[in-house]
Amino acid sequence: FVEALAAGLLAEVGAAPERLADALVLLPTRRACRLLAEAFLRRSAGRALLLPQIQPLGEVDADEVLIEGALDLAVPPAITPLRRQLLLGRLFERSGWPISHALRLAEELAALLDELQTERVPLDALAHLVPQHLAEHWQNNRDVLAVIAELWPGLLTAEGALDPAERRHRVLTELAALWRVAPPRRRVVAAGSTGSIPATRTLLGVI
C-alpha cells in the first residue's frame, strides 16, 4: 500500500519533486506514516527529497492536523494516560476497592471511555453499557460506574483537559468545518482509512 502511494504521489509531481513538500498526507496510524516516509526514501535512490507533511488520523493520541503551518483551535489538551488512570483509580478506591485493584479497574475503564467517546455514546449511558465479557466485578458495580459517569466530566474540567478520544473528535470535527468554508490551498491526500471513526468519516467526506 505505502509503496503504491509513494509511487503515485511522486508520479504526480514528475520532474518537480520539490512540489511534494507542499502536500499533506493523512494516514490511519503513526506506523503507516513512518512506513510511507521510508517508502519515499527508498524510491529516492539516495537523492535528497523533501517529504510531504504526513499525519495520523486514526489513533486516539493523534496530533492535531496542521493547516497552512498551524491550526489554532481552542481545544484543551488530552489528559495523560497515567493521570487519567490515577484519577479514575481514586474514584474506585472511594467506593471501597483496594488501590491496586482500583488502578486495574481504572485502566480497563479508560479503554472503555475511549470506545464510547469514539462512537459518540453519551457518558451517562456508561452504567448500562458494560460489555458482558468483562469481569464479574464490573457487572456487580453498575452503581459505581453511574457515580463515575456523573463525576468524571467535572474532574476533567478541573484538570483543564479532555479524554483523548473526545479531543480527537473535536479537533477533526472542527478541522472538517474549517475546510468546508476555507479549503486548504495545498494538495491533501487521505489514504488507507475506512472511516470507521465518525469524526474521521466526516473529515474524509469534506476532503
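# A walk through the fold, starting at helix H2

The buried residues of H2 pack against helix H1 (2-13), E1 and E2. That is a good place to enter this predicted model. Six residues are named on the buried list of H2: Ala32, Cys33, Leu36, Ala37, Ala39 and Phe40. Look down the axis of H2. These buried residues fall within an arc of 155°, so they line one face of the helix.

The length of H2 can be checked too. H2 has 14 residues, and at 1.5 Å a residue they should span 20 Å. The end C-alpha atoms of H2 are 20 Å apart, which agrees. Just beyond the helix comes Ala45, with a positive phi of about 55°. Most residues other than glycine have a negative phi.

Now step back to the whole chain. The protein chain has 207 residues, and 43% of them count as buried. Its secondary structure comes to eight helices and three strands. Read from the N terminus, the elements run α-β-α-β-α-α-α-α-α-β-α. Contacts across long stretches of sequence feature strongly here. Among contacts in the protein chain with a separation of 6 or more, 71% are between residues 24 or more positions apart.

The strands come next. Three of them form an open sheet, in the order E2-E1-E3, and the pairing is parallel. Strand E2 (53-56) and strand E3 (188-190) are the edge strands, and each pairs on one side only. From one strand to the next, the twist averages 20°. Helix H2 (residues 30-43) packs on this sheet and touches E1 and E2. The direction of H2 makes about 155° with that of E2.

Take the two pairings in turn. E1 and E2 pair in the parallel sense over four bridges. Across this pairing, Leu24 stands opposite Gln53 in E2. The chain travels from E1 through H2 to E2, and this β-α-β crossover is right-handed. Further along the same pair of strands, Val25 stands opposite Ile54 in E2.

On the other side is E3. Three bridges join strand E1 (residues 24-27) to E3, and the two run parallel. Leu24 has Val188 as its bridge partner in E3. For Val25, the bridge partner in E3 is Val189. Leu24 therefore has a place in both pairings, opposite Gln53 in E2 and bridged to Val188 in E3. What covers the faces of E1? Leu24 and Leu26 lie on one side, Val25 and Leu27 on the other, and all are buried.

Move on to helix H3 (residues 81-94). H3 has 14 residues. From its first C-alpha to its last, H3 reaches 20 Å, close to the 20 Å expected at 1.5 Å a residue. Which residues of H3 are buried? They are Arg84, Leu87, Leu88, Gly89, Leu91 and Phe92. The buried residues of H3 pack against helix H4 (99-118), helix H6 (142-159) and H7. After H3 comes Gly96, whose phi is positive, near 105°.

Two loop residues deserve a look. One is Arg120, in the loop between H4 and helix H5 (136-139). Phi of Arg120 is near 60°, a positive value in a residue other than glycine. Is Arg120 buried, exposed or partly exposed? Its relative accessibility is 35%, so Arg120 counts as partly exposed.

The other is Pro183, in the loop between helix H7 (164-181) and E3. Pro183 has a relative accessible area of 55%. The cut-off for exposed is over 50%, so Pro183 is exposed. Pro183 and Val206 are 23 residues apart along the chain, and their C-alpha atoms are separated by 9.0 Å.

To retrace the path: H2 packs on the sheet, and E1 pairs with E2 over four bridges and with E3 over three. Beyond the sheet, the buried residues of H3 pack against H4, H6 and H7.

Note on methods. Residues numbered from 1 in each chain as written. Predicted model: local features only at pLDDT ≥ 70, side-chain atom pairs only at ≥ 80, totals over all residues. Heavy atoms only, no water. Pairing = 2+ DSSP bridges. Axes fitted to C-alpha atoms, helices over the stretch in contact; angles between N-to-C directions. Contact = heavy atoms within 4.5 Å. Buried < 20%, exposed > 50% of the residue type's maximum accessible area, 1.4 Å probe, protein only. Expected span 1.5 Å × (residues − 1). Arc of directions from axis to C-beta. Right-handed = clockwise from strand over helix to strand, strands pointing away.
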